[in-house]
Each structure stands twice: as structure tokens, then as C-alpha cells.
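Here are a few exercises to try with the structure open beside you. Have a go at each task before you read the solution.

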Amino acid sequence: MEPTGERFPEQRQVLILLLLLEVALAGWEPRRYSVMEEAERGSFVANLANDLGLGVGELAERGARVVSEDNEQGLQLDLQTGQLILNEKLDREKLCGPTEPCIMHFQVLLKKPLEIFRAELLVRDINDHSPEFPEREMTLKIPETSSLGTVFPLKKARDLDVGSNNVQNYNISPNSHFHVSTRTQGDGRKYPELVLDTELDREEQAELRLTLTAVDGGSPPRSGTVQILILVLDVNDNAPEFAQALYEVQVSENSPIGSLVVKVSARDLDTGPNGEISYSISYSSQEINEPFELSSLSGEIRLIKKLDFETISSYDLDIEASDGGGLSGKCSVSVKVLDVNDNFPELSISSLTSPIPENSPETEVALFRIRDRDSGENGKMICSIQDGVPFKLKPSVENFYRLVTEGALDRENRAQYNITITITDLGTPRLKTEHCITVLVSDVNDNAPAFTQTSYTLFVRENNSPALHIGSVSATDRDSGTNAQVTYSLLPPQDPHLPLASLVSINTDNGHLFALRSLDYETLREFELRVGATDRGSPELSSEALVRVLVLDANDNSPFVLYPLQNGSAPCTELVPRAAEPGYLVTKVVAVDGDSGQNAWLSYQLLKATEPGLFRVWAHNGEVRTARLLSERDAAKHRLAVLVKDNGEPPLSATTTLHLLLVDGFSQPYLPLPEAAPAQAQADSLTVYLVVALASVSSLFLLSVLLFVAVRLCRRSRAASVGRCLVPKGPFPGHLVDVSGTGTLSQSYQYETSFLHMEKNALIFQEPKSYFKTMTDLEYLEKSITSSYQHSHQKVKKNLP
């Protein structure tokens with residue numbers, strides 16, 4: 001390290017610059033705010049944003065903060081509202097004691113750019129202390145020959161409050177000899193004097209007891225009392241008198257304990273006991289921590305505690321000299337404490353930036369403030385750093401310094417610097433403080449994020465709730481700091497028709513994927529998306545991964561009845577001959593389900609019938625058959641309610657209504673309904689014929705399609721007949737549909753189907769004997785049947801009256 005003598009010119013330049021800054025700021029008047037002591041924490045003091053002419057947002061952007069002189073956290077700046085509020089209750093008496101006004105100095109620091117505003121907080125006194133006398137009882141010895149109007153000084157009460165809240169008046173309990181007069185000293189303090197109104201007679205009354213009350217000027221006022229014992233004595237006509245009314249002395253703060261501060265002296269012209277004087281302290285401005293001791297015999301005042309100029313710089317004492325006859329005199333002692341260089345310089349860091357990128361130009365590393373609690377030359381300081389480091393100090397205002405780099409740093413050359421800041425004051429002897437700051441140099445961004453997998457497969461069940469977490473992707477970055485902080489995003493889809501923005505979102509921080517809306521398996525069974533991972537380095541580096549989302553089916557579609565049609569203007573009536581045998585096929589309920597797998601397996605159930613036990617419904621194919629022989633006593637009209645239910649969990653269902661009419665034969669004309677009007681008989685008969693025609697056409701179409709598919713599949717097997725090709729597999733009966741030629745359908749036909757099973761979300765019939773290879777054939781068949789029914793139904797509606 002360079003010797004102090006060789007660096008002195010450089011330190012002198014820094015000192016000159018500081019002096020210039022102090023001169024430049026000398027004309028700035030600090031703003032003054034005020035607050036009542038004991039105000040609650042969080043109380044409003046001022047709106048600094050308005051006073052500084054700044055917006056609320058600018059305070060946070062510029063890094064505003066409040067810095068007090070003693071690093072006390074009594075004030076707090078709310079960056080969201082710009083308000084200056086109390087961080088704790090303030091006690092004026094602890095802060096300033098008897099000093100008035102009580103002012104706290106603080107600065108408002110704006111870092112970006114650096115700007116400092118000085119301000120003062122005036123702590124106003126409240127009446128929170130009652131007057132207190134130094135003793136519980138005062139004793140006065142008054143000669144009986146005292147003349148009327150004689151004044152006897154009394155010890156005044158001490159009130160920690162100031163101003164009007166201090167003691168303002170004294171009064172005494174009613175008596176026939178004395179009254180109290182309140183006097184005001186030059187410093188504004190009030191003290192009581194007892195005034196004799198009537199002559200005393202020791203032989204008549206040797207002593208008196210009075211109550212002295214001190215009242216302050218608060219609202220409401222507070223008071224304190226003391227008992228006064230008056231002993232009536234024989235003649236003592238001379239009171240002690242001090243050589244000086246005021247003693248002014250100066251004491252260095254480093255004076256040793258036991259040092260003589262001052263010696264007071266009083267004399268009494270009386271002789272004997274009436275001339276013997278004793279000294280006592282009647283009042284002290286710091287009674288709690290009184291550092292002095294008074295000899296009652298010699299009047300010497302000596303130190304009993306160490307003095308501290310930075311804590312208390314002056315003391316005021318009232319000394320009373322009393323003779324043996326009860327008379328007394330007073331004087332005042334003013335002690336000024338002289339400052340010595342006994343405080344080391346202090347350094348407080350306001351901001352520190354570490355690490356620093358290796359390729360950065362001149363950059364601010366630290367902002368700090370220095371101070372010395374001493375005064376005068378003892379409080380002036382020089383700040384410097386060691387040589388051989390690429391940093392320099394830039395002095396600012398109000399003893400603030402900025403530590404900045406001299407240029408771009410090279411991490412490969414050196415990754416860490418230990419900078420020693422040295423602060424030296426100009427006192428005698430000089431005191432020095434050193435503070436070490438460690439600065440790290442960070443690396444550049446040279447590694448792209450890497451996903452844990454190149455592709456991901458996620459499963460989500462349809463009808464999911466919005467914002468459902470469906471899975472996660474993860475990527476890591478081998479860099480450190482912000483260069484390793486990875487953010488995730490969805491890349492534009494390769495299929496421009498895929499509405500990816502409305503399907504999936506990703507959490508940019510952790511890679512969690514969420515479904516934005518409810519998915520429908522029947523509409524979208526799977527989709528792919530690309531996820532990107534980008535670090536926060538400069539320049540940014542990124543990578544991507546493929547995510548495949550598979551939608552799982554849920555039972556969300558109720559069975560749909562294709563036949564009989566439920567939206568016709570008139571119900572479709574099925575004709576049943578009365579000569580039908582038990583098990584006669586009346587009609588068949590045809591229904592489909594938009595779901596897949598077991599969610600599309602349908603079963604049929606008779607819910608309600610006009611005449612129970614006459615008809616039954618097959619559970620697996622929806623065939624409606626007679627349960628017994630019909631008779632003439634059976635009603636001509638019957639109404640059946642059939643329930644169609646799927647095998648989902650929970651199961652969904654639909655109901656349909658069948659209208660049956662018992663006739664003696666197909667040659668018998670259609671019987672009009674009893675409640676129908678005669679004018680509509682012809683129209684109802686036409687409707688019945690159109691429905692029969694519709695069923696016949698549909699049956700022919702369905703038979704043709706099934707025969708075509710059966711021939712193709714049977715040719716492939718080459719070893720089985722048509723009947724063997726159609727043998728079903730699975731837990732349900734094989735004959736799902738069996739329509740005879742004796743019902744309402746004009747063409748007889750027969751077909752068999754096999755139940756489906758799930759294999760990787762694709763619907764495939766049982767092998768080797770099955771009708772269809774994929775779901776595409778079944779969907780095509782269902783659509784064809786539905787289209788045929790709808791087309792025929794439109795024709796029926798056009799011919800209806």
C-alpha cells in the first residue's frame with residue numbers, strides 16, 4: 001500500500017472537491033415537516049412525491065429511500081403512494097431532552113440518477129409528562145423574625161415536556177402565613193418562591209405543613225405536588241451568597257472520572273451554626289444520567305461518569321447553599337462539553353452490484369455514504385481505495401461516493417476483486433476505518449437450454465375443466481445466474497388450421513401446460529404442438545421440443561334415436577295383427593351413440609306400456625316383440641315408452657315413444673283415433689302409409705349395405721360361409737337385430753353385428769370374423785342411415801296435410 005505521505009496530494013484534491021460541493025449545497029434550504037410525538041406507527045408525515053415534483057412510479061424507478069443522520073429507521077418511504085410515514089413511535093424527550101425545537105435531520109436519496117434532498121422533521125411536544133419535584137418533602141427553616149414580604153426560594157418541579165407543556169404555575173394549599181409567587185428565569189424556566197404574608201410566632205406555632213402544587217400548561221393540564229415542612233427558628237438574618245450568580249466552564253469529553261469541573265463558593269455573614277454552609281444540587285437538566293457529583297462541604301463539582309459530546313454537549317445545574325439557620329442562596333453552573341477526536345469514520349453501503357458482466361463498460365459497483373460523529377476538523381474525512389485495481393471513486397453530494405469500474409473487465413483474467421475502501425479523518429490523532437467490498441465478474445451466455453426429452457406424450461380426458469394442468473415439460477441450462485433462467489413458450493403450430501392459442505397455454509416459469517378450454521374427443525382426438533425454451537442471457541439462446549396431446553373419450557353423448565323419428569309432426573303408428581304369435585317382431589328401435597368403446601354400447605328397456613305384459617323389448621337390439629297371444633279384449637291402441645341407455649360411467653340415456661295399433665289384418669283400413677276429428681281421418685291414414693313406405697325404403701337400404709360388406713369380408717376369409725362369417729364375439733348375444741317379414745317392414749331381412757373393443761383409442765371389430773376394420777366404415781354406415789331417414793322424413797312432412 002502506498003504511504004500516507006505520498007498519497008496526500010490526491011487526498012487533498014478529494015477534500016477540495018468535497019468543500020466545493022458543500023458550498024454548492026449551502027444555499028439549498030431543507031424542507032421541514034412536523035409530527036406530534038407518540039404518533040402511531042404508520043402515521044402520515046408528508047407526500048414526498050408531490051413535494052419533490054415526481055410521480056409515484058418515479059420514486060420506485062429511481063430507487064428512492066430515506067437516510068437519517070444517525071442511521072435510525074424512524075421514517076419510512078412508501079414507494080407505492082409516495083407518502084412519508086412513521087416507522088416507529090417517536091419520543092421527543094428521548095430524542096432531544098430539554099432541547100427545543102426537536103429536529104431530526106434526514107435525506108431523501110434518489111439513486112437513478114443520483115440526487116439528494118435534505119429535509120428536517122420537527123417533533124412537536126405533547127403533554128405526556130407530569131411535573132415532578134426532586135424530593136417528596138421540602139423542609140424550610142424560617143426565622144420567626146422574618147419580615148413581611150420575605151421571599152424563600154423553593155425547589156422547582158421538573159417537567160420533561162417543553163414549551164407550554166412545561167411547568168407554568170405554582171400554587172400552595174390555603175394558609176394564613178404564606179402565598180406562592182411564580183418567577184421566570186432568563187432561560188424561560190419557572191420556579192416557585194414562598195412569600196411571607198403574616199408574621200410568624202415560634203412560641204405559638206413551631207412548624208407548618210403546606211402542599212405545593214406545580215401545574216403545567218398542557219390541555220388538559222398535569223400537576224405534581226410536594227409537601228413543605230416549615231420549621232420556625234430563632235433569628236438568622238443573613239442568607240448565604242455566592243461569589244458568582246453564574247459559573248460557565250468547559251470540559252473535554254475525554255476527561256477522566258474524578259476530574260474537577262468547577263468549585264462554587266458562597267459565604268454567610270452570620271456566625272456559629274447560622275454561618276455554616278452546605279451545598280446541594282437543586283436542579284439538573286439531566287437528572288437521570290447526571291455525570292457530576294457535588295461536595296456538600298467544599299462546593300467542588302467532579303466527574304463521576306464519562307462525558308460524550310456526541311450524546312450531550314452541555315449541562316445546566318442549579319446549586320443551593322444553605323446555612324445552619326435555614327437560609328439559602330442559589331447560583332447556576334453551565335458546563336460545555338468540548339469535542340475530541342474519539343470517533344472513527346463510518347461507512348454505510350446504500351447499494352452494491354455484484355457480479356458484473358465481463359464485457360460491461362464503466363459500471364457503478366457501489367454507492368455508499370461516509371460520516372464522522374465528531375465535529376470541526378475531527379469530522380472532516382478523506383476517502384480512497386488501494387492501487388492496482390480497475391476501479392475508481394467518484395465523490396458526490398452529502399458525503400456520498402460512487403465506486404465505478406474504469407473500463408470493461410475480463411473474467412478470464414480475473415473473476416473476483418477485493419476492494420478496500422479507506423476513510424481517514426483530519427483530527428488529531430487521525431483515525432482510520434477500512435471496509436472491504438468483494439466484486440465478482442460474471443460469465444457470458446454460451447449454453448442453450450436442453451429439454452429432458454425430445455418429445456412428450458400427454459393424456460387428457462375430454463370435457464376437462466378449463467385451466468386444467470395436463471402435464472409439464474422441463475429444460476435445463478448449464479449457465480448460471482440469469483443465463484440459466486429458462487422461460488417456456490408455445491411456438492407457432494405447423495398446421496395453420498389448428499387453433500393452438502385457444503387450446504393450450506404454458507406457464508413461462510415452470511413449463512406446466514394447461515388446457516384453456518374443454519376438449520371434445522368427438523371433435524379433436526389428438527394434436528401436436530411445439531414448445532420452446534429460451535434463457536434470459538444476452539443474446540438469448542433457445543431450443544424446442546415436440547408435445548403430443550391425446551384426448552381420452554368420456555361418456556358425454558346420450559344415445560340418439562334414429563327410429564322411430566322423434567321430430568315428426570305426427571306420431572308414427574306401427575300396425576300389429578291380432579293373429580300375431582308370441583315373439584312376433586312388431587318394430588325395432590334404432591339408436592346410435594356419438595361416443596366410442598363401451599360408452600357407445602347400447603341397451604334397451606321398456607319403461608312404460610299401456611298394457612303391461614303384452615309387449616317386451618330385447619335389451620341388446622331394441623326389437624319390440626309380442627309377449628303373448630293377442631285377443632279381442634286387448635285395446636286397439638297401445639303406447640310404449642322405451643329407454644335407450646349406454647354403458648358409460650355414469651350411463652346416459654334417451655327415451656322414445658312407440659304408438660301401436662292392433663288390426664285384424666293388413667287389408668283392414670287404418671282405424672281413426674277416437675279423439676281425432678272425422679276431417680283428419682284421411683290425412684292420418686296417409687301418414688301411416690308414408691311411415692310404412694319410409695321404413696321399407698330404409699330397410700332395403702340397410703340390407704343392401706350389410707350384404708355388400710358381408711360379401712367382401714366373406715371373400716377375404718375364403719374358408720367360412722356367410723352364416724359363419726357373422727358369428728358374434730363378446731359378452732352380449734349375437735343376434736342384435738332380427739326383423740321378420742311379418743311386421744310393418746315390407747321386406748324381410750336379417751343381419752348380425754359384433755360388439756366393439758378399444759385398442760389404442762381406435763374402434764376395431766373383433767377379428768377374424770367382423771364387419772368393419774376401422775371406425776371409418778361404421779361412421780359412414782351411421783351417417784348413411786341417418787341421411788336416408790332424414791330424407792324420407794322430409795318427404796313425409798311435405799305430404800302431410
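**Exercise 1: an edge strand**

Start with isoleucine 356, which sits opposite valine 441 of strand 31. (Strands are DSSP runs of E with at least two residues, helices are runs of H or I with at least four, and both are numbered from the N terminus.) A word on the model: it is predicted, so local features need pLDDT of at least 70 and side-chain atom pairs count only at pLDDT 80 or more, while totals for chains, interfaces and linings use all residues. Residues are numbered from 1 along each chain as its sequence is written, and side-chain values use heavy atoms, with hydrogens and water left out.

Task: work out in which sense strand 25 and strand 31 pair, and which strands stand at the edges of their sheet.

*Solution.*
- Step 1. Strand 25 runs parallel to strand 31 (432-442), with two bridges between them; DSSP has to find at least two bridges for strands to count as paired.
- Step 2. The open sheet has four strands, ordered 25-31-30-27, with mixed pairing.
- Step 3. Strand 25 (356-357) and strand 27 are the edges: each has a single partner strand, so one side of each lacks a neighbour in the sheet.

**Exercise 2: a charge without a salt bridge**

Task: find where aspartate 374 lies and what its side chain joins in a polar contact.

*Solution.*
- Step 1. Look in the loop between strand 26 (364-371) and strand 27 (381-385).
- Step 2. Aspartate 374 is buried but has no salt bridge; arginine 373, the nearest side chain of opposite charge, is 8.5 Å off. Buried is under 20% relative accessible area, exposed is over 50%, and partly exposed is in between (1.4 Å probe, protein chains only). A salt bridge puts a side-chain nitrogen of Lys or Arg within 4 Å of a carboxyl oxygen of Asp or Glu. Lys and Arg count as positive, Asp and Glu as negative; His and the chain ends are not counted.
- Step 3. The side chain of asparagine 343 makes a polar contact of 2.8 Å with that of aspartate 374. (That's N or O atoms within 3.5 Å; within protein, one must be able to donate a hydrogen and the other to accept it, and residues adjacent in sequence count only if both atoms are side-chain atoms.)

**Exercise 3: salt bridges**

Task: which parts does the pair of arginine 209 and glutamate 137 tie together?

*Solution.*
- Step 1. The structure has 26 salt bridges; in one of them, arginine 209 meets glutamate 137 at 2.7 Å, N to O.
- Step 2. Arginine 209 belongs to strand 13 (207-216) and glutamate 137 to strand 8 (137-143), so the pair links parts 72 residues apart in sequence.
- Step 3. Glutamate 137 is partly exposed, at 34% relative accessible area.
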